[in-house]
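Trainee: Got a minute to go through a structure with me? I'd like to start with the backbone and then move on to the pockets.

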Amino acid sequence: MATFLFDKIIFGPIKSRRLGSSLGINLLPNDSKLCSFDCIYCECGWNTPGARKVFHPREEVKARLREKLEELGSQNSLPDVITFAGNGEPTMHPEFDGIIDDTIALRDTLSPKTKIAVLSNATLIGREKVFNALKKVDQNILKLDSAFEETVRLLNNPQGEYSTAVLVERLKKFEGNLTIQTLFVRGSYNGQTVDNTTPAELDAWMKLLAEIKPKELMVYTIARDTPAPDLVKVPEKELRAIAETVKQTLGIPVQVSA
């Protein structure tokens, strides 16, 4: 099925299902996906085998962001949020922490009401510079699609070492100052059933949420074409039922996007 890549460093603003008017920052290559996961549902498609790790230079990111914020300010259309997303995992950029500092400084000067968000799969939060940078932003939105490693390997396809137990311990170090995002999906892939909404999945996932204690939870499902063709959306009614259970049981605010 057709997927797409972001072809610019700065894109949008776009209307985000989860964040409102969002000005995106893509630190990854414009012509290929580069990620520490290779999720079967990723709207950017599959990782490109053998692709070089070419990142946009820090100074260029800063310059392009300044230009865009000045333009939007002159039009009285500044965004609700500046979002690090794009063609893969933004925290892979070797100067991610410095880029966050630049972005905070530009935001404070040119668009002080705008929040800064990072959409991350959380695989690199064990790096001190990444962890500290994420603690500085308004919304560090970190992925947890399942408590079961076999499900993570099916859904997210980690490209290096992965341990759910290690990840949870690292997420707990944020001391609640984080948002967990979970994508729910069903279908099949390579002859295997895909479904992270079963009672066993939800029970184990909620136990991890109780440990992590995030300030917010975002639950959503696929909205665009996926590289694995046999995946289907989870109905909004079911997402809202999951959200209500989390709110009633754990007291965590939940945002639902369908």
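Mentor: Sure. Keep in mind that this is a predicted model. Let's begin with P13, which sits in strand β1, residues 10-16.

Trainee: Okay, what kind of peptide bond joins G12 and P13?

Mentor: A cis one, with omega at about 5°. As background, most peptide bonds are trans.

Trainee: Which strand does β1 pair with, and how do the two run?

Mentor: β1 is joined to β2, residues 20-25, by five bridges, and the two run antiparallel. If you want one spot to look at, find F11 and you'll see G24 of β2 opposite.

Trainee: And what's the whole sheet like? How many strands form the sheet, and in what order?

Mentor: Eight strands, making an open sheet with mixed pairing. The order is β1-β2-β3-β4-β5-β6-β9-β11.

Trainee: Which strands stand at the edges?

Mentor: β1 and β11, the latter being residues 254-257. Each has a single partner strand, so one side of each has no neighbour in the sheet. From one strand to the next, the twist averages 25°.

Trainee: Back to backbone angles. What is the phi of A122?

Mentor: About 75°, so a positive phi in a residue that is not a glycine. Most residues other than glycine have a negative phi. You'll find A122 in the loop between β4 (115-120) and α3 (128-136).

Trainee: Is A122 buried or exposed?

Mentor: Buried: its relative accessibility is 1%, and the cut-off for buried is under 20%.

Trainee: What about K213, what's the phi there?

Mentor: Near 55°, again positive in a residue other than glycine. K213 is in the loop between α6 (199-212) and β9 (216-220). K213 is exposed, though, with a relative accessible area of 56%, while A122 is buried.

Trainee: New topic: cysteines. How many disulfides are there in the whole structure?

Mentor: Zero turned up in a search of the whole structure. A disulfide is a covalent bond between the sulfur atoms of two cysteines.

Trainee: So why is C35 not bonded to C39?

Mentor: Because the sulfur of C35 is 6.3 Å from the one in C39, its closest cysteine sulfur, and that's too far for a bond. The sulfurs would have to be within 2.5 Å to count as a disulfide.

Trainee: And are those two buried or exposed?

Mentor: C35 is buried, with a relative accessible area of 14%. C39 counts as buried too, at 7% relative accessibility.

Trainee: Last thing, pockets. What is the volume of the largest pocket?

Mentor: About 850 Å³. It is lined by 37 residues, and the closest to its centre are R18, E43, A85, L119 and Y220.

Trainee: Which strands help line the largest pocket?

Mentor: β1, β2, β4 and β6 (179-183) each supply at least two residues of that lining. The largest share, four residues, comes from β1. By class, the lining has 17 nonpolar, 11 polar and nine charged residues.

Trainee: And what about the second largest pocket, how much space lies in there?

Mentor: About 490 Å³. Its lining has 24 residues, and S36, T123, L124, G160 and E161 lie nearest the centre. By class, you get 12 nonpolar, seven polar and five charged residues.

Trainee: Great, I'll go and find those now.

Technical notes:
Residues are numbered from 1 along each chain as its sequence is written. This is a predicted model: local features need pLDDT of at least 70, side-chain atom pairs count only at pLDDT 80 or more; totals for chains, interfaces and linings use all residues. Side-chain values use heavy atoms; hydrogens and water are left out. Buried means under 20% relative accessible area, exposed over 50%, partly exposed in between (1.4 Å probe, protein chains only). Two strands pair if DSSP finds at least two bridges between them. Axes are lines fitted to C-alpha atoms, for helices over the stretch in contact, and angles run from 0 to 180 degrees between N-to-C directions. On a 1 Å grid over the protein atoms alone, a cavity is a set of points where a 1.4 Å probe fits but cannot get out, and a pocket is an open set with protein on both sides within 12 Å along at least five of seven lines; lining residues have an atom within 4 Å of a point. Grid points are joined across faces, edges and corners, and a volume is the space filled by probe spheres set on the points. Ala, Val, Leu, Ile, Met, Phe, Trp, Tyr, Cys and Pro count as nonpolar, Asp, Glu, Lys and Arg as charged, and the others, Gly among them, as polar.
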